[in-house]
Amino acid sequence: MQSKTNVKVLSAPKILTLNNEPATLQVGDQVPIVTQQSQSVTSPGAPIVNNIELRDTGVILQVTPRVNDSGTIILDISQEVSDVATTTTSGINSPTIQQRRLASTVATRSGQMIALGGLIRNRQTRQKSGIPLLSQIPIVGGLFGRKVDTGSRTELIILITPTVIRSPEEIKNTVDALIDGLDLTRPLIDEAKAGLVGPRLVPAVPDPIPPVPR
């Protein structure tokens, strides 16, 4: 039997915030993690009570920008990319969180891309087992044993491009550029702009003023 998996993930989160105000963007799931187990020893057949903690996973971006008068942008950034995997290192019935996290403070200019960090990891594992002596026989030894080759490669790079928006026209251009990249949701956005989707606000009509008696 043979299986092959090829996964490519590209995440491009975008977030808008005020100067010197923190912002958080999270796209992922909350995964239940077992933190404690307890069972009564005085009552036979007592159920096992588990304490569960919800762990945030996925793409989590936290950033606080500070823009000075010269146009320099100082960013306090915390970036996390995490996935859920089956626990294989112990017998605990709880998932393993595969986590890549970066925290840094950088300075750049508006519209200039910077690389926060990168990771390339290549891992190869070869495992061989079989019947003693028989599995060591040349040519036919493979009939009495088993050989498993596994490999994994992880490539991670984090790029960020801050943009300073100073006027309503620049806000409109930024929103239009974001919408241009959302081809599947364009019909919904166009309808929302036209007022065809979502709640509508009906202006209140004031009651007529009754005539003042003389």
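Me: In what order do the elements of the chain run from the N terminus on?
Reply: Let's start with the basics: this is a predicted model, where local features need pLDDT of at least 70, side-chain atom pairs count only at pLDDT 80 or more, and totals for chains, interfaces and linings use all residues. Residues are numbered from 1 along each chain as its sequence is written, and side-chain values use heavy atoms, leaving out hydrogens and water. The chain has 2 helices and 8 strands, where helices (H or I, at least four residues) and strands (E, at least two) are DSSP runs numbered from the N terminus. Read from that end, the order is β-β-β-β-β-β-β-β-α-α.

Me: Where in the chain is threonine 108?
Reply: Follow the strands along the chain until you reach residues 96-109. Threonine 108 has its place there, in strand 6.

Me: Is threonine 108 buried or exposed?
Reply: Buried means under 20% relative accessible area, with a 1.4 Å probe and protein chains only, while exposed means over 50%. The relative accessibility of threonine 108 is 4%, so this residue counts as buried.

Me: Which residues does threonine 108 touch, not counting those up to four places away in sequence?
Reply: A contact means heavy atoms within 4.5 Å. With residues up to four places away in sequence set aside, threonine 108 touches Gly71, Thr72, Ile73, Ile114 and Pro162.

Me: What share of the residues in the chain is buried?
Reply: Now we can step back from threonine 108 to the whole chain. There are 214 residues in the chain. The share of them that is buried comes to 16%.

Me: What share of the contacts with a separation of 6 or more joins residues 24 or more positions apart?
Reply: Here we look at contacts in the chain with a separation of 6 or more. Among these, residues 24 or more positions apart account for 55%.
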